[in-house]
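Look over the sequence and the model shown here before reading on. The paragraphs below take the structure one part at a time.

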Amino acid sequence: GVGCEPCSGTRRFNILASTSAITNCSGCGVDRTLDNYGSGWVKGYTFQDRVTFGDVVTNEHITIGYVSSQAHAQQGFQDEGIIGLGFEALAEYSIPMSSSVIVSQAGVANMYAFYLTSDGSNGSILTFGGYDEGLLNNASISYTAVETTPFSSGNAYGYWTVSMSEFSLGHTFSGSGLLTIVDSGTSLIIIPYTYLQKIIDDLITNDAAEYCQYSSTLLICPGATDLDGFPDLTIRFPKYGYPGNDTVLTLTARQYFVTYYTRGIKNYQLGIDGTSSSQCILGDVVMRAYYTLFDKENYRVGFAGAGSAFSKNSGGGYDDNVPLSWIVAAAVFVAVLIGLGAWLCLRRRPAPQIVYSPQSNHYYMEPGASIRHNLAQPVDDNDTI
């Protein structure tokens, strides 16, 4: 809000200037901690207002979180706010969710598509109500089913959780179902520490890793490294609607390593980090390589492209079935293209852990695990925050 000068972003919402805001609703107007993250708290209060998105103004009032103060670490974010694109079981206050009301009132499909550019370049696009045919570049879409997860009231759809059957990068991990969250609010790929340690052990045996620094959970290589000397990453899911077949994602090393600069010197960091949780997260590292579709109506996630062969092209026309007003260009450094969190949809969930990597200028979310690595410090297995 306007009173939170050190808050993230640059624009502020002035609740006093809104003629439709309601602060005397049940539970509204009470100053409290709205959410807790690993990097700190966010405080403020809830209120209700109508939401405008493109040409659509919601007929009903939506519950929104108004931030009046936040922890210092939160102020490093670049976002102006967060709109929840997960499922309603995650919502604590905003029920129905603003995103669901918007697409319903607009008469478009309850579906969202993320196109993320690489290396911080402009042109990232979030499409509501469908996907952009011009961004497919003649690639086909392969879907995998969303799984329910346990809540206090029973199993329900919450996060965009899918069942991963294989994760292979030098070392192959497979099983009947590795629960994996596909999340635009996570910069990296997150896998259990035990998986990550074995993968790094394999990667450092490649000639390409000769001058790389590493620990059991971190791999950093100089900018002169020939990334093509590292193997491809392969991820498999059961293919939606085709029993016995797989949706297969392939990423080259140039896609699963993250580029960053220190004092003008180029380096590469393995875009995979570890978690003490058994769940995996596929964040922006994967979503940069594949046009990613979140289909709420059919409970599925789709990926379009063919890894390194997928040439992203922001040109071409938009799908005529999707109104142009639903195409949102996000000219942000892609780490904060956050879609699954909640100030407009305050989540009913364990407090997520937000971990910041100063070297890559990235944040990532790690549900239910403690902050572990401070990548600004020397590479050390015992390096903790």
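Where in the chain is Y299 found? Y299 lies in the loop between β22 and β23. The model is a predicted one, and this loop is a convenient place to enter it. The two strands on either side of the loop form a hairpin, with 4 residues between them. Y299 has a phi near 50 degrees, a positive value in a residue other than glycine. Most residues other than glycine have a negative phi. Y299 counts as partly exposed because its relative accessibility is 35%, and partly exposed residues fall between the limits of 20% and 50%.

N298 belongs to the loop between β22 and β23 as well. With a relative accessibility of 34%, N298 also counts as partly exposed. The side chain of N298 makes a polar contact of 2.8 Å with the side chain of D295. D295 is one of the residues of β22 that are buried. N298 can also be compared with N110: the two are 188 residues apart in sequence, while their C-alpha atoms are 9.1 Å apart in space.

Now follow the hairpin back into its strands. β22 covers residues 291-295, and 5 of its 5 residues are buried, so the strand is largely enclosed by the rest of the structure. Y291, L293 and D295 point one way from β22, whereas T292 and F294 point the other way. Both groups are buried.

Which strands pair with β22? One is β23, residues 300-304, which pairs with β22 in the antiparallel sense over 5 bridges. Another is β6, residues 111-115, which is also antiparallel to β22 and is joined to it over 4 bridges. T292 can be used to locate both pairings: T292 stands opposite F303 in β23, and F114 stands opposite T292 in β22.

A second region to examine is an open sheet. Its 4 strands come in the order β14-β15-β19-β18, and the pairing is antiparallel. β14 (213-214) and β18 (257-262) stand at the edges, and each has a single partner strand, so one side of each is left without a neighbour in the sheet. Helix α3, residues 193-203, packs on this sheet and touches β14, β15 and β19. The direction of α3 makes about 130 degrees with that of β19.

Within the sheet, β15 (residues 219-222) and β19 (residues 265-270) run antiparallel and are joined by 3 bridges. In this pairing, I220 stands opposite Q269 in β19. The loop between β18 and β19 contains R263. R263 has a positive phi of about 50 degrees although it is not a glycine. Is R263 buried or exposed? R263 counts as exposed because its relative accessibility is 81%, and the limit for exposed is over 50%.

The next topic is the cysteines. A disulfide is a covalent bond between the sulfur atoms of two cysteines. How many disulfides does the structure hold? It holds 2. One joins C212 to C221, with a distance of 2.1 Å from S to S. This link is right-handed, with 110 degrees about the S-S bond. C212 has a relative accessible area of 10% and is buried, and C221 is buried too, with a value of 1%. Both values count as buried because the limit is under 20%.

The other disulfide is formed by C25 and C28, whose sulfur atoms are 1.8 Å apart. With -90 degrees about the S-S bond, this link is left-handed. C25 and C28 are both buried. A further cysteine, C280, counts as buried at 1% relative accessibility.

Finally, step back to the whole chain. The protein chain has 5 helices and 26 strands. Of its 385 residues, 54% are buried. Among contacts between residues at least 6 apart in sequence, 65% join residues at least 24 apart. The chain exposes about 16300 Å², and carbon and sulfur atoms supply 47% of this area.

Notes
Residues numbered from 1 in each chain as written. Predicted model: local features only at pLDDT ≥ 70, side-chain atom pairs only at ≥ 80, totals over all residues. Heavy atoms only, no water. Pairing = 2+ DSSP bridges. Contact = heavy atoms within 4.5 Å. Axes fitted to C-alpha atoms, helices over the stretch in contact; angles between N-to-C directions. Buried < 20%, exposed > 50% of the residue type's maximum accessible area, 1.4 Å probe, protein only. Disulfide = S-S within 2.5 Å. Polar contact = N/O pair within 3.5 Å; in protein donor to acceptor, adjacent residues only side chain to side chain. Areas by Shrake-Rupley, 256 points an atom, 1.4 Å probe, with all protein chains shown as cover.
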